[in-house]
Amino acid sequence: MTAPLMKRPPMPAQTGVWVGIGAITMSFAAYSSALIVRQGASPDWVHFTLPPILFLNTLVVLASSATLFLARSYFGAMASSSDSPHAEAEGPPSWLYFTIVLGALFLIGQILAWRNLAGQGLSLASGPSSAFFYLLTAVHGLHLLGGLAGLAYVVYRIRRSSALHAVTSYKAASLYWHFMTVLWLYLFAILVTRI
Amino acid sequence: MVGKLFAVIVTIITIVSMAIFVSRIWWLPPDVSVLGAGIDHQMSETMITTAILFVAAQLVLAVFVWKYPDNNDNRKIKIFPGGATPMVVGAILLVGAEILALTFVGSKVWASIYVSPADPHSLKIDVQAEQFAYYFRYPGPDGKFGQLHPDLIDESSGNFFGLDPANDTAARDDIVAATLAVPVNTPVLLELHAKDVSHAFYVPELRIQQDFVPGLVIPLHFTATRLTRSEIVCTQLCGLGHYNMRAYLEVMSDSAFKQWLNDQSGQ
Amino acid sequence: MTSPASNHSAHSQGFWRKYVFSLDHKVIGRQYLDLSLVAVTTGMILSWLMRLHLAWPTRSIPGLGAVASEAAGGIITPEYYLSLMTMHGTIMVFFVLTTAPFAGFGNFILPIQIGAEDMAFPRFNMMSFWVTFVAFIVLIAAFFVPEGPPLSGWTAYAPLSAVGKDSGPGQGWGQTLWVISIGIFCIAQLLGSLNFIATTLDLRTKGMTLARMPFSTWAWFITSVIGLIAFSVLLPACVLLLLDRVAGTSFFIPAGLVISDKLQPHAGGSPLLWQHLFWFFGHPEVYIAILPGFGIVSHILPAVTRKPLLGPRVLIACMIAIAFLSYTVWGHHMFMSGMNPFSATVFSVPTLIITIPAAISTLLWIGTLYGARMRLNTAALFCLGFVSVFVSGGISGFFLAQPAIDSYLHGTYFVVGHFHFVMGVASMFGIFAGLYFWFPKMFGRMMSETLGKWHFMLTFIGVYCIFMPMHYLGLAGNVRRYSAFTVDYMKGSIPLHRFITVAALFTGAAQLIFFYNLFRSRFWGPPAPENPWEATSLEWITSSPPPHDNFGGQHPVVYHGPNEYGVAGRDGDYIMQTSSEPEPAKVAS
């Protein structure tokens, strides 16, 4: 049972996240192709300046992936030293909390970006480019909220039982979280180049 | 017992189905267009091929079910001679060849109607489809169509296309009719506009069909070869009056068509 | 995400946990089947109303006026006819043909067939069912909204589906509820597909290699991959459509539309975008409906013919090929849609190519019958019926796959006959075959074979009488989705429509035999043994019905593929997958 962290057989949770990543990728592919088709369909596409806070948000979400990566060593250590009773006593690593805070900050930043846009008089209904902006950020935000729930669940499991029992959840949740970061980078690129 | 019953039922279904196809009680109406013959030819080719496949598959199914029930006789089972390989090879070769043949000819037929451009000397007619009627616009003596302004569309005053005769000279002599009159043996180019939702233009005698898509102007051309009166019907669900949305296609002699145009503009 | 079956035990469950919000895949599978039974009954009643109206448009349908305000005096109005049609299609495609063969049987049987205790994510599984249930309730609610139920068809083409009330009755709340319902349904199916995939990949028992998986499990696995991709695209499409309806966006609504004398405040959208997104989902959806039938028939045929299925690997390869190709053919629904006519040929070729794996599968089934010792029970008959109607429906697809012929047949009853045969009836026969075959395992009781055979024979004749004539109607240019045939050239078809209506009522009446058999057997049928059909796969090594953890604390170990029937020189003529005896010598030929 004390096999190294990375050499376990694939767990359903991990497989499930990979499958989910496939589904989410497909749905964003659909949104993207809708965006491209809609932009080409008629000349009413208005380019506007992206809210500057988006650049900050991008840094925040990148940082959250980094902090989550740093939490990894904690789980690795737990997994290899699970015989010692001392390991059970330790609480969730602070890197995990940092990640959750950064994730929440990112969402707040996205809401600020919406307010910025609304301040410019751009609403969901005012044009296709702003509609896609709101839509893509909202759908990504919803998925990211799911990621936050996943991380919260990891914290809950560590507190309730032990780090060892949270390893599977941690791996699944962090895979999902990193995917959210990559997805945001993709969306950000779409927003920068198309809107 | 039940196997033999099944075999008999399958055989009867196959024979009756084919007999009704062959009797042509329900069949395509006579073709009245230049390019429809290609479609009819393609249809017959496909009909013959698929009829053979249909009858063969159903009858073999019936024969096997008839012949191989379990009679508790401890008979040994047999494997189909050659196993799956001949089926795979056969299906790929036969169906593949059929696909190639049908596509080779069929894509030419398709292209002749929907891809190749209309004759440059075609008679141009604008079609406006709306819930639940068609209107046809002829350019009038000046040979020019007026501009369309959707905001000017007004059913009550009969401005179905949204013309602006007050400011647009080309629009003043445009003729709008509820019937599609065309001269015989003359290439006709329709330009399809939709006023509200999607509709379609379907004339079985012409063998053509095309959706009207709001926001797009879609060309459709044909040449009618016989003096007929056919119905134009809508095949794209457009709301409660969909079943009742239709107009007539009147194919006239040249002189009758000129007279008709005159009558229309006089109104 | 909890590990399967680890934190819920067979005992100490309350009523709610045990019967309603159960985490047991077997309960969830039965819940799906019960839901689809309600849905199929609803859908069938809707189709009778439509058929009655088409045959005798001016006759009053007794009692209807009291139920539906849209049909005052029992006479169906044109808009109510379209609503019935829309709801019939939506209910049947989503809540029957997707729910029963895939989610229903898949949930119950798949974990057992791979030797697992439960699905990978029991909670997701339970959510998946209840989300489907909510979607169904939302859809049914559309019957009772003031502007009437939606009427833009199960395909909900924009802009009719997008512009709202101005475009006529049924386009208010009814259509909005339709979009919401389908969006919710997508979420449920995504959860379900995710579960199926993870379960099949990770929870197979010792020795259950991919090559030893039963065909039905293969089919559900492939279907879940198709579903995962298809519903991932339909969900965004529904979101966009919903925003067009309620938030004033213009994804699908172009500029300059004048509806009910009002210039619509939308601009720039593309109606064809909806069609592309919808059919990118819609065509694979056809295979979501039919592939489980492939699997069920291929699973049952060896057991009832007492010989191995011909070309087992070829069959799996065919299903995979169909799954791949299903994503390349959606444009064949749009030959007449105004998309670039060049692309018609591009979509036509893969559409025709997809007939090759379908034809090979059919040949394998028919070839399996050769030299068999067929035990013609009801499940076997429905498998044979499946092959027959799949051939009939598949062959008419040859016409519609060619744009040059679709030019004439598109939008006619030929299309209706085609897809009802190949997607509706064939899938239903797959469902019936599965039900008669697995009923003993699911409920621990046998169904009546006599009633089953009557049910099959009458249904088989009935569906041919309903759907074969629709091909003749199509050839005569009879247009579908018409609530009455007032067009002159279609009047000649009315007698045939009456025949179809009578056949539909007859076939519907034959289903009463099924319902009677189902309910009687569920409670009073003779107790079922472990393995009544002498079949090889893992569901037949456990009790009927299986215990909570499927194998009573055991973990089956698999040594054989599921296809080892007709084995000579031993007591039984089949080898269980768990049997530890060595591979048999090559079957005598």
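Reading chains and contacts in a predicted model

Biologist: In what order do the elements of chain A run from the N terminus on?

Modeller: They run α-α-α-α-α-α. Helices (H or I, at least four residues) and strands (E, at least two) are DSSP runs, numbered from the N terminus. Chain A has 6 helices and 0 strands. This is a predicted model, in which local features need pLDDT of at least 70 and side-chain atom pairs count only at pLDDT 80 or more, while totals for chains, interfaces and linings use all residues. Residues are numbered from 1 along each chain as its sequence is written, and chains are lettered from A and ligands numbered from 1 in the order in which they are written.

Biologist: What share of chain A is buried?

Modeller: A residue is buried if 20 or more other C-beta atoms, placed from the backbone, lie within 10 Å of its own. In chain A, 39% of the 195 residues are buried.

Biologist: Which pair of chains has the most contacts?

Modeller: Two residues are in contact if their C-beta atoms, placed from the backbone, lie within 7 Å. Of the 2 pairs of chains that touch, B and C have the most contacts. Here 88 residues of chain B meet 100 residues of chain C. On the chain B side, H3(B) gives the most, 16 residues.

Biologist: How many residues of each class are on that side of chain B?

Modeller: Ala, Val, Leu, Ile, Met, Phe, Trp, Tyr, Cys and Pro count as nonpolar, Asp, Glu, Lys and Arg as charged, and the others, Gly among them, as polar. The side of chain B that touches chain C has 54 nonpolar, 22 polar and 12 charged residues.

Conventions. A residue is buried if 20 or more other C-beta atoms lie within 10 Å of its own, exposed if 12 or fewer, and partly exposed in between; C-beta atoms are placed from the backbone.
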